[in-house]
Amino acid sequence: MDAGFLRRTSAEQDNRFSNKQKKLLKQLKFAECLEKKVDMSKVNLEVIKPWITKRVTEILGFEDDAVIEFIFNQLEVKNPDSKMMQINLTGFLNGKNAREFMGELWPLLLSAQENIAGIPSAFLELKKEEIKQRQIEQEKLASLKKQDEDKDKRDKEEKESSREKREPSRSPRRRKSRSPSP
């Protein structure tokens, strides 16, 4: 062979330039629920955004708008790729937290997709419980208020009755008058 012959390879053939994401897809652990696809057109994302914000803040220990917006942007696609999303979040949340977060988020999205309103059934159940608790508290407050009113009424009646007992009657007394005798 000629010494001037240079053999070239394309980027796909050279393993130094292999697709890092394919490698990560094989290496990382993913929750089973991430296998299912989500149609985001059926999901009410506005309802899930507060949960995402709260959860990311809990994981990081502070509110990071960049990470939160990054997640929102990835969910605005019609059919987001759950595994790629986990890989992308690993840099921000670390591997374990990203896996846990996606393991919690994806079932919510799947549930929301099944629901007519696009709201996860877990959120609906929480709201029902919250409403029940609020009703119970309102009933307790009404009961306490009624008890206080009854007590105030009894105290007022007792005060009036004790006042009547203590005060002598104000009926006019007959005084014997000494009139000069005739």
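Start with the pair α4 and α5. In this predicted model, α4 passes α5 in a right-handed crossing. Select residues 82-93 for α4 and residues 95-114 for α5. The two axes come within 8 Å and cross at roughly 135 degrees. α4 and α5 are therefore oblique to each other.

Now show side chains at this contact. From α4, pick Ser-82, Met-85, Gln-86, Leu-89, Thr-90 and Leu-93. From α5, pick Gly-95, Asn-97, Ala-98, Arg-99, Phe-101, Met-102, Leu-105 and Trp-106. Colour them by class: the contact of α4 with α5 has eight nonpolar, five polar and one charged residues.

**Next stop: α2 against α5**

Keep α5 on screen and add α2, residues 45-60. What angle do α2 and α5 make as they pack? It is about 165 degrees, with the axes 11 Å apart. An angle over 145 degrees counts as roughly antiparallel, so α2 and α5 are roughly antiparallel to each other. Their crossing is right-handed.

On the α2 side, select Ile-48, Trp-51, Ile-52, Arg-55, Val-56 and Ile-59. On the α5 side, select Asn-97, Phe-101, Glu-104, Leu-105, Leu-108, Leu-109 and Ala-112. By class, this contact holds 10 nonpolar, one polar and two charged residues. Look again at Asn-97, Phe-101 and Leu-105: these α5 residues meet α4, and they also take part in the contact with α2.

**Then α2 against α3**

Hide α5 and bring in α3, residues 65-75. α2 and α3 pack at an angle of about 140 degrees. Their axes lie 10 Å apart. The crossing is right-handed.

In α2, highlight Leu-45, Lys-49, Ile-52, Thr-53, Val-56, Thr-57 and Leu-60. They meet Val-67, Ile-68, Ile-71, Phe-72 and Leu-75 in α3. The residues here divide into nine nonpolar, two polar and one charged. Ile-52 and Val-56 of α2 touch α3, and both belong to the contact with α5 as well.

**Stay on α3 and look down its axis**

Which residues of α3 are buried? Select Val-67, Ile-68, Ile-71, Phe-72, Gln-74 and Leu-75. They cover an arc of only 165 degrees around the axis, which puts them on the same side of α3. An α-helix has 3.6 residues a turn, so residues three or four places apart point the same way. Rotate to the other side of α3: Asp-65 and Ala-66 are exposed there.

What covers the buried residues of α3? Turn the other helices back on. The cover includes α2, α4 and α5.

**One residue to zoom in on: Gln-113**

Return to α5 and find Gln-113 in that helix. Is Gln-113 buried or exposed? With a relative accessible area of 16%, Gln-113 is buried; the cut-off for that is under 20%. Now select what surrounds Gln-113. Leaving aside neighbours within four places in sequence, Gln-113 is in contact with Lys-37, Val-38, Asp-39, Lys-42 and Val-43.

**Zoom out**

Finish with the whole chain. The protein chain has six helices and zero strands. Read along the sequence, the pattern is α-α-α-α-α-α. Of the 182 residues, 25% count as buried. Draw the contacts between residues at least 6 apart in sequence: 65% of them join residues at least 24 apart.

Methods. Residues numbered from 1 in each chain as written. Predicted model: local features only at pLDDT ≥ 70, side-chain atom pairs only at ≥ 80, totals over all residues. Heavy atoms only, no water. Axes fitted to C-alpha atoms, helices over the stretch in contact; angles between N-to-C directions. Helix = DSSP H or I, 4+ residues; strand = E, 2+ residues; numbered from the N terminus. Parallel < 35°, antiparallel > 145°, perpendicular 65-115°, else oblique. Left-handed = near helix turned anticlockwise from the far one by under 90°. Contact = heavy atoms within 4.5 Å. Nonpolar A, V, L, I, M, F, W, Y, C, P; charged D, E, K, R; others polar. Buried < 20%, exposed > 50% of the residue type's maximum accessible area, 1.4 Å probe, protein only. Arc of directions from axis to C-beta.
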